[in-house]
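Open the model in a viewer and keep the sequence panel beside it. The stops below say what to select and what is found there.

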Amino acid sequence: MAHITIHPIPTLKDNYVWALIDQHQRHVLIVDPGEAAPVIHYITQHHLLPVGILVTHHHWDHTNGIVELSNLYSVPVYGPAKETIRGVTHKVQEKDEIIIDHFPLTLQVVDIPGHTLGHIAYYAQDSVFCGDTLFAAGCGRLFEGTPEMLYASLQKIAALPDTTKIYCAHEYTLANLRFAEAVEPDNQKIYERLEHVKHLRAKDLPTLPCALAEEKATNPFLRCDVPEIITSAEKHDGSSLKNPVAVFTSLRRWKDNFV
């Protein structure tokens with residue numbers, strides 16, 4: 001992304017609002033504003049002019065700042081076609097392209113249901129903004145969709161180039177890696193990543209974005225066909241798991257109750 005930098009704006013307890021900044025014109029795109037005040041502070045502090053808002057799904061911690069921001073800056077708001085979100089002006093879905101006036105980037109919309117039924121992602125060049133579907137070393141909970149749906153959505157993201165940077169919406173990496181270590185204790189890459197993430201969090205630094213290649217090496221939800229993970233899930237489940245979706249379902253249930 002020539003001339004575009006991407007910065008996290010911490011909001012709420014552990015959310016990130018992503019700011020895509022065109023350094024030449026000082027224009028900014030805002031992704032998933034769960035509250036307005038920290039975003040307004042960041043925009044003002046850095047002398048930026050918003051030109052659009054991107055929303056991945058309808059949960060309040062991704063949407064509560066939309067109306068205040070759009071009223072203040074009068075910008076287009078893009079959101080999932082299959083969900084009703086107050087303040088969205090442009091409903092989009094898979095295969096749609098987003099071209100925003102005065103911003104040098106074209107975004108592709110990807111449908112990734114599971115966490116919610118209408119969840120979407122925005123993909124541009126080497127970056128994907130995937131809300132609560134794929135997390136660093138984890139994935140979202142199944143609030144509305146089926147395991148089959150969320151597994152398919154994760155596979156869709158996994159099919160992107162390995163160099164793709166994952167910009168998810170929560171700082172969950174440390175807890176997710178502790179679960180990954182429990183599932184696959186002999187994976188040295190998980191241990192190394194966990195140590196690095198501990199170091200970052202001790203300094204209150206974000207662990208995102210992360211590379212898709214790293215996710216494929218350390219995220220159990222993207223490794224449901226790995227023999228060690230299948231064995232671990234079957235042991236925890238107490239039953240035979242016949243395919244990757246069954247393994248994924250077992251892992252998601254395990255993670256829901258993991259302490």
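Select K95 to begin. K95 is exposed, because its relative accessible area is 75%, in a model that is predicted. K95 sits in the loop that runs between β6 (90–92) and β7 (97–99). Check its backbone as well: K95 is not a glycine, yet its phi is positive, at about 85 degrees.

Next, select V109, one of the residues in strand β8 (residues 106–111). Buried or exposed, given a relative accessible area of 3%? V109 is buried, because 3% is under the 20% limit. To see what surrounds V109, show the residues it touches, leaving out those up to four places away in sequence: V92, Q93, E94, K95, D96, I98, I120, A121 and Y122. K95, the starting point of this tour, is in that list. Then draw a distance from V109 to V17: the two are 92 residues apart along the chain, and their C-alpha atoms are separated by 18 Å.

Move on to I98, which is one of the residues that V109 touches. With residues up to four places away in sequence not counted, I98 touches L54, Y78, V92, L105, T106, L107, V109 and Y122.

Widen the selection to the nonpolar core. Which residues touch the most other members of the largest nonpolar core? They are W18, L20, I98, Y122, C130 and L251, out of 56 residues in that core. Colour the core by domain: at least three of its residues come from domain 1 (4–167), and at least three from domain 2 (172–257). A second core, separate from this one, has 20 residues, among them I21, V28, I40 and L69.

Now colour the whole chain by domain. The domain assignment gives domain 1 as 4–167 and domain 2 as 172–257. Their C-alpha centres lie 24 Å apart. How many residues does each domain bring to the contact? The contact takes 27 residues from domain 1 and 27 residues from domain 2.

An annotation can be laid over this view. The unreviewed UniProt entry carries the annotation "domain: Metallo-beta-lactamase" for residues 14–170. Select that span and mark both ends: the end C-alpha atoms lie 6 Å apart. The span is 21% helix and 34% strand.

Turn to the start of the chain and select strand β1 (residues 4–11), where I6 is found. I6 counts as buried, because its relative accessibility is 17%. Measure across to A213, which is 207 residues from I6 along the chain; the C-alpha atoms of the two are separated by 20 Å.

Follow the chain from β1 into the loop that leads to β2 (15–22), and stop at L12. L12 counts as partly exposed, because its relative accessibility is 35%. L12 is a residue other than glycine with a positive phi, near 50 degrees.

Go next to P209, in the loop between α6 (188–202) and β14 (210–211). The peptide bond to inspect is the one from L208 to P209: it is cis, with omega near 0 degrees.

Then select helix α7 (residues 212–218), and within it T218. T218 is buried, because its relative accessible area is 2%. Which side chain does the side chain of T218 join through a polar contact of 2.7 Å? The partner is R193. Apart from neighbours within four places in sequence, T218 is in contact with A180, K189, I190, R193 and R223.

The last stop is helix α9 (residues 244–256), which has 13 residues. From its first C-alpha to its last, α9 reaches 18 Å, close to the 18 Å expected at 1.5 Å a residue. What caps the N-terminal end of α9? N243 does, with a side-chain oxygen 3.1 Å from the backbone nitrogen of V245.

Show the side chains along α9: V247, F248, S250, L251, R252, W254 and K255 are buried. L251 also appeared earlier, among the residues that touch the most other members of the largest nonpolar core. To see what covers the buried residues of α9, add elements including β12 (138–139), α4 (147–158), α5 (173–183) and α8 (227–237).

Methods
Residues are numbered from 1 along each chain as its sequence is written. This is a predicted model: local features need pLDDT of at least 70, side-chain atom pairs count only at pLDDT 80 or more; totals for chains, interfaces and linings use all residues. Side-chain values use heavy atoms; hydrogens and water are left out. A nonpolar core is a set of buried Ala, Val, Leu, Ile, Met, Phe, Trp, Tyr and Cys residues joined through side-chain atoms within 4.5 Å. Buried means under 20% relative accessible area, exposed over 50%, partly exposed in between (1.4 Å probe, protein chains only). Domain bounds come from an automatic or database domain assignment. Contact means heavy atoms within 4.5 Å. Helices (H or I, at least four residues) and strands (E, at least two) are DSSP runs, numbered from the N terminus. The expected span of a helix is 1.5 Å times one less than its number of residues. A polar contact is a pair of N or O atoms within 3.5 Å; within protein, one must be able to donate a hydrogen and the other to accept it, and residues adjacent in sequence count only if both atoms are side-chain atoms. UniProt positions are given in the numbering used here, feature names are shortened, and annotations may be inferred rather than shown by experiment.
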